[in-house]
Amino acid sequence: MKALEGVKILDFTHVQSGPTCTQLLGWFGADVIKVERPGVGDATRKQLVDVEGADSLYFTMLNHNTRSLTLNTKNPKGKEVLERLVKECDVLVENFAPGALDRMGFTWERIQELNPRMIMASVKGFGPGPFQDCKVYENVAQCAGGSASTTGFLDGPPMVTGAQIGDSGTGLHLALGIVAALFQREKTGRGQKVLAPMQDGVLNLCRVKLRDQQRLERGPLQEYSQFGEGIPFGEATPRAGNDSGGGQPGRILKCKGWETDPDSYTYFITQAAVWDKICDVIGKPDWKEDPEYATPKARLNKLTHIFETIEQWTMTKTKFEVMEICNPLDIPVGPILSMKELAADPSLRETGTIVEVDHPERGAYLTVGCPIKMSDSEVTVTRSPLLGEHTAEILSDVLGYSDEEVAELKEAGATEVVKKMAAE
Ligand code: CAO
């Protein structure tokens with residue numbers, strides 16, 4: 001048995017944010033029915049194509065453990081099918097542009113009329129307010145949620161991050177809202193609307209920068225290197241490069257081989273509790289007693305000098321040697337791992353964090369498995385569906401349509417002749 005077994009998800013999601021959420025629900029055992037436009041499907045199927053004629057990695061890596069139903073929800077017969085699905089399912093998840101579901105005729109009021117137990121969960125770019133009608137993609141959310149203004153170096157422009165905190169991050173927020181609403185429904189018997197705006201999700205992940213904004217109003221941020229460098233602060237939380245900016249100063253430092261390997265770096269944290277050990281390791285035992293270095297407060301105005309000195313030591317070691325030396329001493333360090341290194345990491349394969357999946361059109365590929373491990377709800381990653389692969393199966397199993405009725409739906413243009421699966 002899996003955690004969400006028996007929960008039916010009407011999955012109207014596309015691109016990245018929504019599928020991140022529904023894939024996770026699928027991994028937890030929910031039956032995820034992905035509704036896609038006949039002949040078109042999720043736009044990402046045909047974006048960033050690397051194997052001609054096959055669904056892209058963009059699509060496959062975000063849509064595991066789902067079933068695909070092609071349905072034209074603007075066709076009268078298609079609308080009838082959708083109404084029946086709304087009655088049958090527990091959760092409707094969507095990340096259409098604002099108003100698209102209403103234009104289809106499925107307002108929240110109508111959905112409640114059809115199924116008062118329905119949980120309707122949405123990702124939108126913004127919550128209610130001046131930007132509520134905007135279409136939003138990942139980097140727009142990173143910019144509008146406070147991430148870009150606080151990422152990058154002080155003397156450079158705002159930067160977006162590689163971590164998809166706007167899309168995948170918001171998908172995770174939405175999934176939590178959905179399971180909380182399912183839990184509440186157990187007691188109330190009622191569904192509810194769950195909204196996860198991307199701006200809110202990014203801001204939630206950037207909360208320490210909002211903390212610093214308020215601290216800045218009371219004086220300079222002493223944990224930022226710019227303090228020790230004598231660079232005045234402006235009015236807003238600045239970009240702090242690779243400073244941790246928190247209670248335990250940290251920085252990315254070069255390691256042996258950095259001249260030719262772009263990832264030959266380590267993160268190094270000068271945690272107060274292990275300061276003496278750090279001094280010994282880097283060959284600066286005199287810093288242990290020197291009042292200019294002995295306390296965290298005394299060190300704050302010379303962080304750049306301290307990290308440059310530590311870097312002289314890290315540059316004599318590989319990033320893994322730094323880890324091997326510092327780990328037993330409880331000095332927190334972390335190698336900068338490339339995607340190539342992560343993909344080959346045997347321990348991540350063993351835990352199912354990276355899995356190899358076989359696909360009839362494209363062959364084997366790597367993907368991320370479920371990042372949440374549960375002792376009583378094991379995750380098996382199954383390949384993403386081909387467009388409309390489960391149309392007949394869903395119409396019959398979930399809604400009880402006969403073969404003749406399915407044929408009539410095809411005839412009426414509500415669905416399409418299902419693409420045949422390649423031999424597996
Ligand atoms: N049958 C018939 N019509 C369908 C359909 C189906 N099965 N599925 C979708 N459609 C229609 C929609 O009803 C909509 O029609 P109208 O515009 O006439 O109402 C149309 O397809 C396009 O939907 P869309 O506006 O959501 O798609 P888009 O490509 O123009 O915009 C995006 C994409 C992502 C910018 C937009 O959906 C959005 O802002 N979503 C919310 C924020 C979000 O999730 N952003 C993250 C994107 S990356 O994860």
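In strand 8 of this predicted model, residue I269 is the bridge partner of G250. A second bridge to strand 8 is made by I252, whose partner there is Y267. In total, strand 7 and strand 8, the latter covering residues 265-269, are joined by five bridges and run antiparallel. Strands of a sheet in general pair through backbone hydrogen bonds, in either a parallel or an antiparallel sense.

On its other pairing, strand 8 meets strand 9, again in the antiparallel sense, over three bridges. Here T266 stands opposite P335 of strand 9. The three strands form an open sheet with the order 7-8-9 and antiparallel pairing. Strand 7 (250-254) and strand 9 (333-335) are the edge strands; each has a single partner strand, so one side of each is left without a neighbour in the sheet. From one strand to the next, the twist averages 20°.

The side chains of strand 8 alternate between two faces. Such alternation between the two faces of the sheet is what a regular strand shows. T266 and F268 point to one face and are buried, whereas Y265, Y267 and I269 point to the other face and are not buried. T266 is thus named twice in this description, as a buried residue of strand 8 and as the residue opposite P335. Likewise, Y267 and I269, which are not buried, are the bridge partners of I252 and G250, respectively.

Two helices are associated with these strands. Helix 13, made of residues 303-314, lies across strand 7 and strand 8, and runs at about 40° to strand 7. Helix 14 (residues 319-326) packs on the sheet and touches strand 8 and strand 9. The direction of helix 14 makes about 155° with that of strand 9.

The ligand is surrounded by 23 residues, of which S17, K74, R103, K135 and V136 are the closest. Among the polar contacts, a side-chain atom of K135 lies 2.4 Å from an oxygen atom of the ligand. A polar side-chain atom of K74 is likewise placed 2.7 Å from a ligand oxygen atom. The backbone also takes part: a polar backbone atom of L71 is 2.8 Å from a nitrogen atom of the ligand.

The cysteines were examined next. A disulfide is a covalent bond between the sulfur atoms of two cysteines. Zero disulfides are found in a search of the whole structure. C143 is in no disulfide, and the nearest cysteine sulfur, which belongs to C206, is 11 Å away. C143 has a relative accessible area of 45% and is therefore partly exposed. For C370, the closest cysteine sulfur is that of C21, at 12 Å, which is too far for a bond. C370 counts as buried because its relative accessibility is 3%.

C206 also appears in the surroundings of S147. This serine is found in the loop between helix 6 (138-144) and helix 7 (168-188). With a relative accessibility of 3%, S147 counts as buried. When residues up to four places away in sequence are not counted, S147 touches Q142, M159, T161, I165, V202 and C206.

Most residues other than glycine have a negative phi. L48 has a positive phi of about 55° although it is not a glycine. L48 is placed in the loop between strand 2 (31-36) and helix 2 (57-60), and counts as exposed at 66% relative accessibility. N65, also not a glycine, has a positive phi of about 55°. The loop that holds N65 runs between helix 2 and strand 3 (67-70). N65 is buried, with a relative accessible area of 14%.

V368 belongs to strand 11, which spans residues 365-368. At 45% relative accessibility, V368 counts as partly exposed. V368 and L62 are 306 residues apart along the chain, and their C-alpha atoms are separated by 9.2 Å. Neighbours within four places in sequence set aside, V368 is in contact with W27, M61 and T353.

Notes:
Residues are numbered from 1 along each chain as its sequence is written. This is a predicted model: local features need pLDDT of at least 70, side-chain atom pairs count only at pLDDT 80 or more; totals for chains, interfaces and linings use all residues. Side-chain values use heavy atoms; hydrogens and water are left out. Two strands pair if DSSP finds at least two bridges between them. Helices (H or I, at least four residues) and strands (E, at least two) are DSSP runs, numbered from the N terminus. Axes are lines fitted to C-alpha atoms, for helices over the stretch in contact, and angles run from 0 to 180 degrees between N-to-C directions. Contact means heavy atoms within 4.5 Å. Buried means under 20% relative accessible area, exposed over 50%, partly exposed in between (1.4 Å probe, protein chains only). A disulfide is a pair of cysteine sulfur atoms within 2.5 Å. A residue is near a molecule or strand if one of its heavy atoms lies within 4 Å of it. A polar contact is a pair of N or O atoms within 3.5 Å; within protein, one must be able to donate a hydrogen and the other to accept it, and residues adjacent in sequence count only if both atoms are side-chain atoms.
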